[in-house]
Amino acid sequence: MTLNEITEMVKIDIKFDSAQLDTESLKIPQIHNKYLNIFHEEKLRYQAFKTNYSRLFKTKWEYYTGKMSQEQLKELGWEPFDLKILRHDVDIYLDSDSQLLELKNKISIQEEKVDYLNSILKGITNRQFHIRDAIAWRKFLSGSI
């Protein structure tokens, strides 16, 4: 699920009918559950990306430091890295590796989705307080308090 798709869903679900506060209050658990499920799916995907990054990082480190066997190179379909680089320069190659950068980008996007969903869940949780305050305000305006 993309961040835009989530945003569009939120725009629909977050709409608030102030004339139907009781109905809005009853919808909170359903909306919360919906976004909690999405949050967990996206959080698991985020963790998977991080795990894949760590594995790929180790493999690329072995590649750039010349510690990878010919069998491993053949298995991965990579050409041998013949350039001899100093150990402290390995980070330069790792930081600019296209596969690592692509995975890092996916991790960043996924992290944004997880953070956004977390803030949506907090907003949904606080929705009950907003409804309570709206009811109290109406009571005050009508002179019931």
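This is a dialogue about reading a predicted model, from its overall form down to a group of aromatic rings.

Visitor: Where should I begin? Which secondary structure elements does the protein have?

Guide: Begin with the element count, and keep in mind that the model is predicted. Here the secondary structure comes to 5 helices and 0 strands. Read from the N terminus, the order is α-α-α-α-α.

Visitor: How do I read the radius of gyration of the protein?

Guide: Set it beside the value for a compact globule with that number of residues. For 145 residues such a globule would have a radius of gyration near 15 Å, but the protein has 25 Å. The spans of the C-alpha trace add to the picture: about 85 × 25 × 20 Å along the principal axes.

Visitor: And how much of the protein counts as buried?

Guide: Of the 145 residues, 26% count as buried. The protein exposes about 10,200 Å², and carbon and sulfur atoms supply 55% of that area.

Visitor: What do the contacts say about separation in sequence?

Guide: Take the contacts between residues at least 6 apart in sequence: 71% of them join residues at least 24 apart. Gln-110 makes a good stop here. This residue lies in helix 5, residues 98-142, and touches Glu-42, Arg-45, Tyr-46 and Phe-49, leaving aside residues up to four places away in sequence.

Visitor: Is Gln-110 buried or exposed?

Guide: Compare its relative accessible area with the cut-off: buried means under 20%. Gln-110 has 2%, so this residue is buried.

Visitor: Now the aromatic rings. How many pairs are there?

Guide: A search of the whole structure finds 8 aromatic pairs. For each pair, look at the centre distance and the angle between the planes. Tyr-63 and Phe-81 are 5.5 Å apart centre to centre with 50° between the planes, a tilted pair. Tyr-63 lies in helix 2 (residues 21-65) and Phe-81 in the loop between helix 3 (70-76) and helix 4 (90-95), so the pair ties together parts 18 residues apart in sequence.

Visitor: How exposed are Tyr-63 and Phe-81?

Guide: Tyr-63 counts as buried at 13% relative accessibility, whereas Phe-81 is partly exposed at 22%. Phe-81 also pairs edge-to-face with Tyr-93, at 5.6 Å centre to centre and 75° between the planes. Because Phe-81 is in the loop between helix 3 and helix 4 and Tyr-93 is in helix 4, this pair ties together parts 12 residues apart in sequence. Tyr-93 is partly exposed, with a relative accessible area of 26%.

Visitor: Which residues do ring pairs link into a cluster?

Guide: Follow the pairs from ring to ring, and you find Tyr-63, Tyr-64, Trp-78, Phe-81 and Tyr-93 linked into a cluster.

Terms used:
Residues are numbered from 1 along each chain as its sequence is written. This is a predicted model: local features need pLDDT of at least 70, side-chain atom pairs count only at pLDDT 80 or more; totals for chains, interfaces and linings use all residues. Side-chain values use heavy atoms; hydrogens and water are left out. Helices (H or I, at least four residues) and strands (E, at least two) are DSSP runs, numbered from the N terminus. Buried means under 20% relative accessible area, exposed over 50%, partly exposed in between (1.4 Å probe, protein chains only). Contact means heavy atoms within 4.5 Å. The radius of gyration is taken over C-alpha atoms; the globule rule is 2.2 Å times the number of residues to the power 0.38. Accessible areas come from the Shrake-Rupley method with a 1.4 Å probe; for residues, only the protein chains shown count as cover. Rings of Phe, Tyr and Trp (its six-membered ring) pair if their centres lie within 6.5 Å; planes under 30 degrees apart count as stacked, over 60 as edge-to-face and the rest as tilted.
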